[in-house]
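Work through the exercises below with the sequence and the coordinates at hand. Each task is followed by a solution in steps.

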Amino acid sequence: MNHEHSRELYDRALSVMPGGVNSAVRAAIEPYPFFVRKGDGGHVIDADGNRYIDWVMGLGPLLLGHDLPEPVQAAIQQHASAGPMYGTPTEVEVDLAEFVSRHVPSVEKIRFVNSGTEATTSAVRLARGYTGRNKIVVMQGGYHGAQESTLVEGDADDPKPSSAGIPQAFAEHTLPVPFNDEEAVREVFEEHGDDIAAVMTEPILGNYGIVYPEDGYHELLRELTEEHGALLIFDEVITGFRVGGLGCAQSEFGVTPDLTTFGKIVGGGFPVGAIGGRAEIVEHFAPAGDVFQAGTFSGHPVTMAAGLETLRFAAENDVYEHVDDLGERLRSGLTDILADQAPEYTVVGTASLFKVIFTRDGPDRNSLEQQCESGCRQDPVCPRYDSCPKTAGDVKAAETDRWRRIFWGQMKDQGVFLSQNQFESQFVSYAHTDEDVERTLEAYKEAL
Ligand SMILES: *Cc1c(COP(=O)(O)O)cnc(C)c1O
């Protein structure tokens, strides 16, 4: 595979952009990432003309793939050519707000912003403003964007900023606990219950694994927050409109949070974020309430149109059946391949999310028959139960270097584009085909 043009572009980029990229994960691949020229259905074509089956899909936003269906295209063109934005409201914002509140159980009112980061930042401010409390409980390894209150590592007794440039004072208001650890979250509420404004978690750790919740975990978070007058925030930036279809992961798990943050799919491929929830809480945002929140580009008409037409298309076509079916076939195909070639590794994911975690220990080959057939479900009767990842720490302990330095390149050389490290999820789109699945499974067989 020739990467001459990508190398030249990266050389130029290094002179004018830090690390040569505009978002850190894009440079995870060494020595340099490939640059994309264009998308084509479920594929991308790079600057040197190489074609890849694309399971990255913009890291989540592209539910429909790269060729947007005609009504989505038309709405985008129409709003772009009408004059891109105005600084005063438009009808399409109301249409999308109505659509989301009609389909997502927790959402009565919603505020649109421009990124998932902005959504979680505003949700934290809203929770603090509403409760008059400062502390936020988050999951270790959970990702809520590039924001001060959640870029925190360590544990609840000793939280520290996970990035330079963040004062320790921010970390002191954040309490990180291990995902799926009931005891840890109970303890944090015993100790700090009166000071906790909110628990914020992804329903499924989609940026670190993927890690599925144990049965009853979200119910426990719901109970504890209610008991102590704290809010439960589901960060559905990845799972929203992907897991659980138009009802999102909260409908799949049957647990309704007070607030939900959105991003990715709800903008149909354009920059977006949103904070939705109970009217009585969301009404605390300015100008209705006293929690300041604003944005020049918020509710951008082109984004709103792309998001609305994407979701309408999904409502009227077999989008979720198609992507969930291919996701299921990838996960069960991978489960079979691993049983043969790498029984210690774990297949994870649900709906249209999939990944293999390179776990180091697993059950012996002969006891694998009753394992989860299509991605880890934290099933206590599964022979893999004791070794499958339940927390971010478990994922971190996997062979992450082998994944990135050896395996990723072997897949790329076979024309399969996977996410750039062990931690990020992979996504099926409506444009992917049976043949993409078959070819991808063949490539895994070669590379594992
Ligand atoms: C991607 C992501 C974010 C950040 O969204 P950006 O649009 O990149 O700022 C926040 N939370 C979760 C769960 C995400 O997956």
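The model is predicted.

**Exercise 1. Classify D434 by its accessibility, then find its salt-bridge partner.**

Solution.
- Step 1. D434 has a relative accessible area of 42%. Partly exposed covers the range between under 20%, which is buried, and over 50%, which is exposed, so D434 is partly exposed.
- Step 2. The side chain of D434 meets that of R329 in a salt bridge, at 3.3 Å from N to O.
- Step 3. This pair links distant parts of the chain: D434 belongs to helix α14 (residues 434-447) and R329 to helix α11 (residues 319-341), 105 residues apart.
- Step 4. R329, at 28% relative accessibility, also counts as partly exposed.

**Exercise 2. State which residues are joined into one network by salt bridges that share partners, and describe two of the pairs.**

Solution.
- Step 1. The network consists of R222, E226, D258, R278 and E280.
- Step 2. Within it, D258 forms a salt bridge with R222, with 2.8 Å between the closest N and O atoms. D258 sits in the loop between α8 and β11 (259-263), while R222 is in helix α7 (residues 217-227), 36 residues apart in the chain.
- Step 3. D258 is buried at 6% relative accessibility, and R222 is buried at 12%.
- Step 4. R278 forms a salt bridge with E280, the closest N and O atoms being 3.1 Å apart. R278 is partly exposed, with a relative accessible area of 31%; E280 is partly exposed as well, with 41%.
- Step 5. For the model as a whole, the count is 17 salt bridges.

**Exercise 3. Determine which residues of helix α6 are buried and which are exposed on the other side.**

Solution.
- Step 1. The buried residues of α6 are A184, V185, V188, F189 and H192. They lie on the same side of the helix, because they cover an arc of only 135 degrees around its axis.
- Step 2. Residues three or four places apart in an α-helix point the same way, because there are 3.6 residues a turn.
- Step 3. E183, E190 and E191 are exposed on the other side of α6.
- Step 4. Take E190 as one of them: this residue lies within α6 (residues 182-192) and has a relative accessible area of 66%. The cut-off for exposed is over 50%, so E190 is exposed.
- Step 5. A negative surface patch is formed by E183, E187, E190 and E191 together with D155 and D157.

**Exercise 4. Locate the residues with unusual backbone geometry listed in the steps, and give the relevant angle for each.**

Solution.
- Step 1. Recall the background: most peptide bonds are trans, and most residues other than glycine have a negative phi.
- Step 2. E30 and P31 are joined by a cis peptide bond, with omega about 0 degrees. P31 is in the loop between α1 (4-16) and β1 (36-40).
- Step 3. A286 and P287 are also joined by a cis bond, with omega near 5 degrees. P287 is in the loop between α9 (279-282) and α10 (301-316).
- Step 4. N180 is not a glycine, but its phi is positive, near 70 degrees. N180 is in the loop between β8 (174-177) and α6, and is buried with a relative accessible area of 9%.
- Step 5. F241, not a glycine either, has a positive phi of about 60 degrees. F241 is in the loop between β10 (231-235) and α8 (248-253), and is buried with a relative accessible area of 0%.

Key:
Residues numbered from 1 in each chain as written. Predicted model: local features only at pLDDT ≥ 70, side-chain atom pairs only at ≥ 80, totals over all residues. Heavy atoms only, no water. Patch = residues over 30% accessible without salt bridge, like charges linked within 9 Å, V, L, I, M, F, W, Y side chains within 5 Å. Areas by Shrake-Rupley, 256 points an atom, 1.4 Å probe, with all protein chains shown as cover. Salt bridge = Lys/Arg side-chain N within 4 Å of Asp/Glu carboxyl O. Lys, Arg positive; Asp, Glu negative; His and termini not counted. Charge placed at Lys NZ, Arg CZ, Asp CG, Glu CD. Helix = DSSP H or I, 4+ residues; strand = E, 2+ residues; numbered from the N terminus. Buried < 20%, exposed > 50% of the residue type's maximum accessible area, 1.4 Å probe, protein only. Arc of directions from axis to C-beta.
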